[in-house]
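Here are some worked exercises to try with the model open beside you. Have a go at each task before you read its solution.

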Amino acid sequence: LEVEKSVVKAWSRLGLISDQDCNKILKNASFRIDEIEKIEKETKHDVIAFLTSVANSLKEESRWVHYGLTSSDCIDTAVALQIRRSLKIVIKDVKRLLKILKRRANEHKYTLMVGRSHGIHGEPITFGLVVAIWYEEIKRSLKNIKHSLKVVSVGKISGAMGNFAHIPLKLEELVCEDLGLSFDPISNQIVQRDRYASLMNDLALLASSCEKIAVAIRHLQRTEVYEAQEYFSKGQKGSSAMPHKSNP
């Protein structure tokens with residue numbers, strides 16, 4: 001609905017839709033999930049069901065909603081908004097993790113520990129070095145995700161074949177500017193999915209780095225190793241069967 005309203009505003013700026021009709025749509029357009037589900041059972045088409053529900057919330061001005069668009073114009077542009085907002089949450093969390101890792105690396109700059117290669121004792125190192133390695137790895141992931149944020153933050157308002165058969169180029173520019181997106185330099189019916197694949201790869205790398213850190217910390221807390229330990233408060237229990245244990 002956010003995308004559809006943006007398109008209506010753009011059409012109004014280009015002179016196709018009157019200010020009166022534009023304002024009515026912006027003020028009154030809405031949808032109901034239960035109605036969409038009911039309509040979709042008959043139409044077997046999700047966007048048509050959505051648009052029908054929106055039209056039911058309006059009067060004659062409903063004819064301007066989705067004017068000149070194809071389903072993917074609405075969906076792919078909306079997906080870009082969702083991904084962008086989600087990634088901003090991820091980026092915020094990653095920055096927090098980096099801040100913590102940097103603090104711990106400095107804190108344990110001179111904390112001696114056994115160095116290992118292939119799991120076997122080698123020369124001594126510091127725990128600060130271990131955490132610094134994690135810090136650099138997560139920092140690379142942050143850089144990658146920020147790049148992917150730009151790659152996926154594109155909208156597409158170019159019609160069924162991406163050839164602007166029914167709409168001017170300016171409409172796409174106005175809509176994407178309004179939504180805070182870049183416009184896809186060239187597309188067909190859809191925004192090309194290599195953009196999503198790049199993002200998923202970067203998220204997978206971030207996840208694997210987080211797992212690496214978690215597994216290492218858990219390993220260091222094993223009884224046989226016991227080089228790291230989590231805080232265990234007075235009265236805390238580690239197990240329902242063996243409450244004396246300080247489980248990680």
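## Exercise 1: Overall shape

The accessible surface of this predicted protein model comes to about 15,500 Å², and carbon and sulfur atoms hold 55% of that area.

**Task.** Compare the radius of gyration of the protein with that of a compact globule of 248 residues.

**Solution.**
- Step 1: Start with the reference value. A compact globule of 248 residues would come out near 18 Å.
- Step 2: Set the model beside it. The protein has a radius of gyration of 26 Å.
- Step 3: Look at the extents. Along its principal axes, the C-alpha trace spans about 75 × 40 × 30 Å.
- Step 4: Add burial and contacts. Buried residues are 39% of the 248 residues, and among contacts with a separation of 6 or more, 67% join residues 24 or more positions apart.

## Exercise 2: The largest pocket

**Task.** Describe the largest pocket by its volume, and work out which element gives the most to its lining.

**Solution.**
- Step 1: Take the volume, which is about 500 Å³.
- Step 2: Find the centre. The pocket is lined by 22 residues, of which R104, F127, W134, I217 and A228 are the closest to its centre.
- Step 3: Assign the lining to elements. At least two residues each come from α5 (71–107), β1 (112–113), α6 (127–152) and α8 (194–220).
- Step 4: Pick the main contributor. Helix α8 gives the most, with five residues.
- Step 5: Sort the lining by class. There are 15 nonpolar, four polar and three charged residues.

## Exercise 3: The second largest pocket

**Task.** Do the same for the second largest pocket: which element gives the most to its lining?

**Solution.**
- Step 1: The space in this pocket is about 340 Å³.
- Step 2: Of its 14 lining residues, L1, F50, C74, I75 and A78 are the closest to the centre.
- Step 3: Helices α1 (2–13), α4 (46–56) and α5 each supply at least two lining residues.
- Step 4: Helix α5 gives the most, with seven residues.
- Step 5: By class, the lining holds ten nonpolar, one polar and three charged residues.

## Exercise 4: A helix and its packing

**Task.** List the buried residues of helix α7 (residues 169–179) and name the elements they pack against.

**Solution.**
- Step 1: The buried residues are L171, E172, L174, V175, C176 and L179.
- Step 2: An α-helix has 3.6 residues a turn, so residues three or four places apart point the same way. Try tracing this pattern through the list above.
- Step 3: The partners of the buried residues of α7 are α1, α5, β5 (154–155) and β6 (182–183).
- Step 4: Just after the helix comes G180, with a positive phi near 75 degrees.

## Exercise 5: Two unusual backbone angles

**Task.** K44 has a positive phi, and so does H66. Is K44 buried or exposed, and is H66 buried or exposed?

**Solution.**
- Step 1: Recall the background. Most residues other than glycine have a negative phi.
- Step 2: Take K44, with a phi of about 55 degrees, in the loop between α3 (33–43) and α4. K44 counts as exposed because its relative accessibility of 65% is over 50%.
- Step 3: Take H66, with a phi of about 75 degrees, in the loop between α4 and α5. H66 counts as buried because its relative accessible area of 14% is under 20%.

Notes:
Residues numbered from 1 in each chain as written. Predicted model: local features only at pLDDT ≥ 70, side-chain atom pairs only at ≥ 80, totals over all residues. Heavy atoms only, no water. 1 Å grid on protein atoms, 1.4 Å probe; cavity = no way out; pocket = protein on both sides within 12 Å on 5 of 7 lines; lining within 4 Å. Points joined across faces, edges and corners; volume = space filled by probe spheres on them. Helix = DSSP H or I, 4+ residues; strand = E, 2+ residues; numbered from the N terminus. Nonpolar A, V, L, I, M, F, W, Y, C, P; charged D, E, K, R; others polar. Rg over C-alpha atoms; globule rule 2.2 N^0.38 Å. Buried < 20%, exposed > 50% of the residue type's maximum accessible area, 1.4 Å probe, protein only. Contact = heavy atoms within 4.5 Å. Areas by Shrake-Rupley, 256 points an atom, 1.4 Å probe, with all protein chains shown as cover.
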